[in-house]
Each structure stands twice: as C-alpha cells, then as structure tokens.
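Hi everyone, thanks for making time this morning. I'd like to walk you through one structure, so let me put it up on the screen.

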Amino acid sequence: MSLLLAAIAGIPALLYVTGLCAGLVAVAVVLALLARPRLDLTRTVMPAIVEPDEVVEVEIRVGVRSGVPVVAGHWRDRLPSTVLGEATGTVPVTDGPYATVGYEVRGRRRGSHELGPFSVVVGDAFGLVQRSLSTGDRDRFIVLPRRSPLDVRVGPAGATDGATRLHPTSGLGQDDVIARPYLPGDALKRWHWKATAHHGEPMVRQEESELRPSVLVVLDADPRVHDQAGFEWSVSAAASVVAHYGTRGFDVDLATGTQSVSLESGHGLQDALVVLALAEPDSTPLVIPARERTTFVLTGSLDTTTAARLLDAVPSRDTIAFVARGTTEGGRDILAAAGWHVVARDAGDGLEQAWLAATGVTSS
C-alpha cells in the first residue's frame, strides 16, 4: 500500500517506510527460521484420584528454549469432553526462563481422563511472525465411581437388629463362635476350658484373624448381559457395596472380568475403587477361588445360558444377585434353584431400594 501511494502521490519518504517495513518482516522471518524454539513442559495434576465432580487443580510449568529471544502468548491444554473446565490463557511475562499457568477441571463421569497435548503461540520480539508449538505430553486423573450409602441397620439375610447377618464362615458372629475343636499343634494357652467342659472334648479359642468378617463382590462384565446404562448401574452398585463393607473393617474380595483385588480389614479400598473406575465390558471368563462366604453379584439381563455360566463361575451358595428386569424367567429359576437370592432392578432404580429388597425389608 505504501509503495502504491508513493508512486501515485510522488512521496519518496513512503518508499523508505515501505522498505523499512519489508526489512523488518524479512528479519522476523529469518529469526523465526533460526530460532527453532522447543517447548519444555511439566504438568502437575492434584489430586490424581478424585470423587465425581471433585475439583482437580492442574499446574503447568512452561518454558520455551530458542536460539533467539521469543515471546510466548496464548496457551491451550486440550481437554476431553468428559470433563468440565477451561484450559486456556496467556502466558505471563516473567524474568526467568519458565512461567507457571494453571486451571481447574471436574470429572463428569468415572474413568481415566486425559489432559493434553499442550500448545502455545510464540512470536518474535516485534510481534510480526507467530507460530504454534505443542508437546505430546499427556497426564491423566481418575474419577472414582459414584457410590450410594447403604442402610447399616440391615444385612443380606434380612436382619434389622443392628447387625449384618452373613454366612457363618464369613466371620461375623464373633460373640457366638468363640471356640473350635482342638487341632494338633494348638498352644495350651489357647484352650477354652469352659467350652471343653461343655462339649466334653478339647476346645480352643478362635484367633481374631480367623473370625474376621469377609464378603465377595463380583462385577459381571460380560457385554452380552449389559447395555451401557445397566453396566454403569452395576459398577456403581459394586463400588457402593465394596465401600460399605470395606469402611467397616471387612475383608472384601472384588472380582471383575479382567482382574481382582482384595481388601484386608478395609485396607486397600481405594485400589478396589480404582479397578471399578476403569472397568469396561469384557468377555473374559470370571475366575473365582472356591470359598463359601456371602457373595454379591452385580450383573445384567440373563438368559438360561448366561445364568448357568455365572452359576459355574461363582462358587458360593450364599449369594445375592442383582439382575436386570430383562432377565428371563428361566435365568431366574436357575439361580433360585441354586439357593441364590435374586433381586431385579432397572438402570434407573436407586441402589438403596434394591439393597432393601435384597434384605427383604420394605422402606417406610
């Protein structure tokens, strides 16, 4: 434009202005080519494991290494659609080589959520040439499944007297089972003299570890029995049952289609919840060690085939199965014939009502 005006108006000074501007642009382009800037990034995510809708704070330490001075401007960290938040801004001017930016996000649903890649716009000191730099570094945080509080007054056998009445071998009932028959090698100090006199044979006191309450929670991840909503209901229910007993000092074994985790006296609850947070439908057969104890099975719509498969996989007779209402009558009959207590639910039902139904207690 300046060159055209200089020619039309006959103003030589405009030619100098045009030349100066063209020279500045040329210098900026050359500097941009020589700069070869590289992005240094450290992203810190705190906390890395959160409850649904809990705030996650992300801090990013960013620096640009370059052969010539450059100015960092607008930045952006890519967020998945599963989280809420804004991860954009302008890099602040600092005296050092690094600047710190940050933002907050909230997880909308359970699972692992990926943050990144990070990108920033850099330019020359004149602001004439800009380019975008990005790094493939990504970080994740995990949102645990939503859980519902379960009524502590009731248990799976319908007890409403303040105690959860589980299978005797599960270890509950420490006040009732305080002695067992003598076995070779039992120390004399463990003899229970009153019980020995009552039974007419040597009896010894049970160790506390032998009486520790134990339950098994099974998440049936078979994709043939679940739709998406039903699978999410089962995951949330499994997490609720695990947390219910884990926070009360039970030994809890959790089994899914791909892996298992054990809680000893409630320790390791977060590990179990992380397993459920990452759970996906999977056709891997369930493998559960044979041990008689109270068992909770979270599954979907069963027919005779899938019900028989589930019955073969779960070794406990003392089992409560939460099934979808689409389960066939034949599927229910197979489970009921094995002594299982079957509770039907819909994906939109609250777990509290299904829990009460499992205990045979009606809510008022």
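Let's start with His113, which sits in strand E8, the run covering residues 111–115. Keep in mind that this is a predicted model.

Is His113 buried or exposed? Its relative accessible area comes out at 2%, and buried means under 20%, so His113 counts as buried. What does its side chain have for polar company? A polar atom of the His113 side chain lies 2.8 Å from the backbone oxygen of Arg109. And if we set aside neighbours within four places in sequence, His113 is in contact with Pro80, Thr82 and Val83, and also with Asp139, Arg140, Phe141 and Val143.

Now, on to a sheet. Here we have an open sheet of four strands, ordered E6-E4-E9-E10, with antiparallel pairing. Its edge strands are E6 and E10, the latter spanning 130–135, and each of those pairs on one side only. Going from one strand to the next, the twist averages 20°.

Let me zoom in on E4, residues 71–77. How many bridges join E4 to E9? There are five, and E9, residues 118–123, runs antiparallel to E4. On the other pairing, three bridges link E4 with E6, residues 88–90, again antiparallel.

A nice residue to click on is Trp75. It stands opposite Val120 in E9, and Trp75 also stands opposite Gly89 in E6. If you'd like another pair to look at, Val71 has Gly123 as its bridge partner in E9.

That's my tour; happy to rotate the view for anyone.

Definitions and conventions. Residues numbered from 1 in each chain as written. Predicted model: local features only at pLDDT ≥ 70, side-chain atom pairs only at ≥ 80, totals over all residues. Heavy atoms only, no water. Pairing = 2+ DSSP bridges. Helix = DSSP H or I, 4+ residues; strand = E, 2+ residues; numbered from the N terminus. Axes fitted to C-alpha atoms, helices over the stretch in contact; angles between N-to-C directions. Buried < 20%, exposed > 50% of the residue type's maximum accessible area, 1.4 Å probe, protein only. Polar contact = N/O pair within 3.5 Å; in protein donor to acceptor, adjacent residues only side chain to side chain. Contact = heavy atoms within 4.5 Å.
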